[in-house]
Every structure is written in C-alpha cells, then in structure tokens.
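Here are some exercises to try with the sequence and the 3D view side by side. Have a go at each task before you read its solution.

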Amino acid sequence: MSVAQDIPVVSKNVKQDLPPRRNGRWSGYLHLLGARMLELKREPEVVFWVFVFPLLLALGLGIAFRNKPGDATSVAIVANVTGQDAATLLERSPQHASFKIKTLTEEDALKGFRLGKFDVVIEPGDNGFQYHYDPARPESVLARAQVDDALQAAAGRKDAVPTKAVTSSEPGSRYIDFLIPGLLGMNLMNSGMWGIGFALVDMRQRKLLKRFVGTPMRRTDFLLALMSSRLILMIIEIGLLLTFGAIAFHMRVLGSIFAILLWGALGAFTFGGVGLLTASRAQKIESVSGLMNLVMMPMWIFSGVFFSYERFPAIIQPLIKALPLTALNDALRASILEGTPLVHQWPRLLVLAFWGGISFVLALKWFRWT
C-alpha cells in the first residue's frame, strides 16, 4: 500500500461540512456577555448579595421603623430632697405612659446618660428643675421637650391655644418609602463597583486577562461586556425590590416603569464605569478593595441612602449633590414616589452621564491587561 493511500481524502466541500462561523463586529462582545452571565451558575453567592441581601435589608429596616406607637422616653431623676416631686409630677401628667422613670444618684444618673441608657436627666433644685441632655442626639432633644411639657402641664400650666397631633402613616410618607429607593441606588452602586471592579482584578490576578491579549478581541468589547452584564442584572434588581416593597409594605410606585428602568440603567452604567476605572490598573484584590471602599464610603455617608443629606451643612450641599449616588437616589425617589417626568430631572441626568462617560473613557485609556 502506498503512502498516498494512507492519507485521508479531504472533501473539496470542506467549508460546507464545517459549522458556520459567526463573525461580525459584535460577535466577541456577545460571547463575552454570555460567558459573564453563565458565571452566575458557578458563583451562587453573587445571587445572594445582588438579589437577596437588599430584600433582607429592606425587610429588617422596614420592620424596625414600621408604624407603631413611639418608644417610651427613658428619664433619670437625680435623687435628692425635691427629687420625688419630679417623679410625682411626671406620673400625674397626661403623658405619663410615654415615660420610663428611674430615680438614681447623681453619679449613676449621669453615668447612665453618658452610656446612652437615658435620654434626659432631671436634676431637681430649689428653683425648679435642671435638664441634662445632648443637643447632638435628636432623641435627647425630643425627650427634653416632652419632659418639660409634661412637668409644666402637671404643675398647672394651661395652653392658650388648643392643639391636636395627627400621625401620618399613609404610603408615600413613611420611612420605608424613603428607604427603598435609597437601597436600590446603593445596591446599583455596590453591584457596579464590586461586580465589575472586583471581577476584573480577580481575572487579572489569575492571569485570565493575559490570555485575551493574543486574541483579536477589542478592548472596548471586553469592557462593554462587563458593564452590559450589570445592566441585565439591574432589571431583575429593580423589579424584585419594588415588587417586594409593594407587597410587604404597600409601597406606591407613581412613576412609569420605563423611567425607573432608565434611571437604573444609567446608574448601572455610571457605577460600572467607576468600577472599571478603579480596577483598570489594580493588581491585587486587597488593593482594589481599598480603592473601592475609598470611593464608595463618602457616598454611603453623604448621598442620602438611610437619611436625608439635608442634615449636612449648607456649605457642602453642592458637593453632595455632585456625587453620582446622590443624583441617582434623588432621581429614583422623584420617579418612584412623585412620578416626576424625566425632562424635569435633566440636572441629575447630566451628573450621572458625566460620571459614567468620563469614567469609561479614562478606564478605556488606562486599562492594563497584566
């Protein structure tokens, strides 16, 4: 048998026998995007932190600040000759049920106040009562006013004008209504920063990015695929959290779903870009973790996630409003709670677009495979 007979015959129609190759400008991007989504199967903890944890956080804070009678005010009365008079007056006042009263020595009362056990300390004297309270603690300021009002009323003071207090518990005016848009914005920031920045450095540290250098894949496609994966998860995040708020706490969504999804997509793009920029040159997980915490910590504090940023001094308000998370939280609250149209929120749109665009351009320029 000749050597020629041992060589397999290759069909002239070999191109027709092979499966068709899918080429095109966006084929690499689509393959990378599909691979990013399939990674969720290998990392179930990502599902917990992205989808389950925000629901648990909303549930816990919603229960903690649910509509319920106000907590009793803790009052310490310094025991002295006239100390019993203060306790008697408080017990005789119309508001006596809202006080928890303890009579202690001056040392124990002030020590308990310093440790946060008491909201206010009453020290009776010859010329009346002296209040010890902390003006930096809102509950202490409120306790001082409540105690003084109760003592004055029990001592015989008559109000010149009759008043009536009405508590508001309607959907849209509760703390949980303020909280859920803030949690949504915070989760978009966390998932964009950690989901992209952390994953990028992890691939660089494991030398996976080095393998992409020898491929014809574009750097832009790679970075866009990372960011696009966050946009897909964003739709699920928004739907889950808003549905949970509506079912568990009867939250009302006044804005259009399209507007809310648009803000979510813009927020995911913005923080995805910031995450890419943060991780564009970081070599170790420890390094990128420190950088991301440095970027996110000011926004956790100042951007109004858990309380209004209006509490901060007026001199830093322009800086706070320039933060991307502040713009995102304000936009989500305006759309969800007030139904504000997109055209009326163009300053927030510009803030997010600026942060996202600049971050992505710089990340594309400074990105390093190894």
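**Exercise 1: Two helices that cross**

Helix α11 passes helix α12 in a right-handed crossing (a crossing is right-handed if the near helix is turned clockwise from the far one by less than a right angle, and left-handed if anticlockwise). Before you start, note that this is a predicted model, in which local features need pLDDT of at least 70, side-chain atom pairs count only at pLDDT 80 or more, and totals for chains, interfaces and linings use all residues. Residues are numbered from 1 along each chain as its sequence is written, and side-chain values use heavy atoms, with hydrogens and water left out.

Task: At what angle do the axes of α11 and α12 cross, and which residues meet?

Solution.
- Step 1. Find the helices: α11 covers residues 257–278 and α12 covers residues 285–302. Helices (H or I, at least four residues) and strands (E, at least two) are DSSP runs, numbered from the N terminus.
- Step 2. Compare the axes, which are lines fitted to C-alpha atoms, for helices over the stretch in contact, with angles from 0 to 180 degrees between N-to-C directions. The two axes cross at roughly 140° and come within 10 Å.
- Step 3. That angle makes α11 oblique to α12 (under 35 degrees counts as roughly parallel, over 145 as roughly antiparallel, 65 to 115 as roughly perpendicular, and the rest as oblique).
- Step 4. Look for contacts, meaning heavy atoms within 4.5 Å. From α11, F271, V274 and T278 meet V288, L291, M292, V295 and M299 of α12.
- Step 5. Sort these residues by class: seven are nonpolar, one is polar and none is charged. Here Ala, Val, Leu, Ile, Met, Phe, Trp, Tyr, Cys and Pro count as nonpolar, Asp, Glu, Lys and Arg as charged, and the others, Gly among them, as polar.

**Exercise 2: One helix earlier**

Task: How many nonpolar, polar and charged residues does the contact of α10 with α11 have?

Solution.
- Step 1. The axes of α10 and α11 come within 9 Å and cross at roughly 140°, so this pair is oblique.
- Step 2. α10 passes α11 in a right-handed crossing.
- Step 3. On the α10 side, the residues are L223, L226, M227, R230, L231, M234, I235, I238 and L242, and they meet I260, L261, G264, A265, A268, F269, G272, G273 and L276 of α11.
- Step 4. The count by class is 14 nonpolar, three polar and one charged.

**Exercise 3: The loop in between**

Task: Is H250 buried or exposed?

Solution.
- Step 1. Locate H250 in the loop between α10 (219–249) and α11.
- Step 2. Its relative accessibility is 55%, so H250 counts as exposed (buried means under 20% relative accessible area, exposed over 50%, partly exposed in between, with a 1.4 Å probe and protein chains only).
- Step 3. Check the backbone too. Most residues other than glycine have a negative phi. H250, however, has a positive phi, near 55°.

**Exercise 4: Helix α14**

Task: What span should α14 have, and how far apart are its end C-alpha atoms?

Solution.
- Step 1. α14 has 15 residues, 324–338. The expected span of a helix is 1.5 Å times one less than its number of residues.
- Step 2. This gives 21 Å, and the end C-alpha atoms are 20 Å apart, which agrees.
- Step 3. Of the 15 residues of α14, 13 are buried, so the helix is largely enclosed by the rest of the structure.
- Step 4. E338, in α14, has 61% relative accessibility and therefore counts as exposed. Leaving aside neighbours within four places in sequence, E338 is in contact with L254 and R333.
- Step 5. After α14 comes G339, with a positive phi near 70°.

**Exercise 5: A residue in a strand**

Task: Which residues does S74 touch, not counting residues up to four places away in sequence?

Solution.
- Step 1. S74 is found in strand β1, residues 73–78.
- Step 2. With 14% relative accessibility, S74 counts as buried.
- Step 3. S74 touches K100, K117, F118, D119 and V120.
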